[in-house]
Amino acid sequence: MSAIQKPRLRRKEVPAYLAEKHGIEIALSTLNNLASIGGGPVMQYHGRIPLYRLEDLDAWAEERLSAPVRSTAERCRD
């Protein structure tokens, strides 16, 4: 029997999840800032506690990554 995966993470758990699942390093302070100014992952609130769904974190991580390229020259093309 496998362990139950949490459906939502608290903000302090998000950096470890993104690093482990997507290889994206992000500081907790950066997430705090993005939550204030916008541009971060979608969140929901339980009272005053921000919670992040795994699906929303995965989508946000994918949006931040470029398309796959075979060379640095390909990256410059749009």
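This text leads through a predicted model, beginning with its sheet and ending with its charged side chains.

The strands form an open sheet of three, in the order 1-3-2, with antiparallel pairing. Strand 1 and strand 2, the latter covering residues 44-46, are the edge strands, and each of them pairs on one side only. From one strand to the next, the twist averages 45°.

Both pairings of the sheet involve strand 3. Three bridges join strand 1 to strand 3, residues 49-53, in the antiparallel sense. Strand 2 and strand 3 are likewise antiparallel, over three bridges. Residue L51 of strand 3 serves as a useful reference point: L51 is the bridge partner of R10, and L51 is also the bridge partner of Q44. Strand 2 and strand 3 make up a hairpin with two residues between the strands, where G47 adopts a positive phi near 65°. As a general matter, side chains in a regular strand alternate between the two faces of the sheet.

Helix 3 comes next. This helix spans residues 54-64 and packs on the sheet, where it touches strand 1 and strand 3; the direction of helix 3 makes about 70° with that of strand 3. The buried residues of helix 3 are L54, D56, L57, D58, W60 and A61. These buried residues pack against strand 1, helix 1, helix 2 (28-37) and strand 3. A general property of the α-helix is relevant to such a pattern: with 3.6 residues a turn, residues three or four places apart point the same way.

Two acidic residues appear among the buried positions of helix 3, D56 and D58. D58 counts as buried because its relative accessibility is 18%, and the limit for burial is under 20%. Leaving aside neighbours within four places in sequence, D58 is in contact with Y17, K21 and H22. D56 is also buried, because its relative accessible area is 17%. By contrast, E55, which is found in helix 3 as well, is partly exposed at 48% relative accessible area.

The charged side chains can now be considered together. The model contains four salt bridges by the rule applied here. One of them links E55 and R53, at 3.6 Å from N to O. R53 also meets D56 in a salt bridge, with an N to O distance of 3.0 Å. Salt bridges with shared partners thus join R53, E55 and D56 into one network. Within that network, R53 is partly exposed, with a relative accessible area of 30%, whereas D56 is buried.

Another salt bridge is formed by E13 and K6, whose closest N and O atoms are 2.5 Å apart. E13 is partly exposed, at 26% relative accessible area. K6 is partly exposed too, with a relative accessibility of 42%.

What, then, is the nearest side chain of opposite charge to R11, and how far away is it? R11 lies in the loop between strand 1 (8-10) and helix 1 (14-22). R11 is buried but has no salt bridge, and the nearest side chain of opposite charge is that of E13, 11 Å away. The absence of a salt bridge follows from the distance criterion, because a salt bridge requires a side-chain nitrogen of Lys or Arg within 4 Å of a carboxyl oxygen of Asp or Glu. E13, for its part, has its salt bridge with K6.

The surroundings of R11 nevertheless include a polar partner. The side chain of R11 makes a polar contact with the side chain of N32, at 3.2 Å. Leaving aside neighbours within four places in sequence, the residues in contact with R11 are L28, L31, N32, A35, M43, Y45, P50 and Y52. The C-alpha atom of R11 is separated by 15 Å from that of E55, which is 44 residues away along the chain.

Two arginines thus illustrate contrasting situations in this model. R11 is buried and without a salt bridge, its side chain instead making a polar contact with N32. R53 is partly exposed and belongs to the network with E55 and D56.

Terms used:
Residues are numbered from 1 along each chain as its sequence is written. This is a predicted model: local features need pLDDT of at least 70, side-chain atom pairs count only at pLDDT 80 or more; totals for chains, interfaces and linings use all residues. Side-chain values use heavy atoms; hydrogens and water are left out. Helices (H or I, at least four residues) and strands (E, at least two) are DSSP runs, numbered from the N terminus. Buried means under 20% relative accessible area, exposed over 50%, partly exposed in between (1.4 Å probe, protein chains only). Lys and Arg count as positive and Asp and Glu as negative; His and the chain ends are not counted. A polar contact is a pair of N or O atoms within 3.5 Å; within protein, one must be able to donate a hydrogen and the other to accept it, and residues adjacent in sequence count only if both atoms are side-chain atoms. Contact means heavy atoms within 4.5 Å. Two strands pair if DSSP finds at least two bridges between them. Axes are lines fitted to C-alpha atoms, for helices over the stretch in contact, and angles run from 0 to 180 degrees between N-to-C directions.
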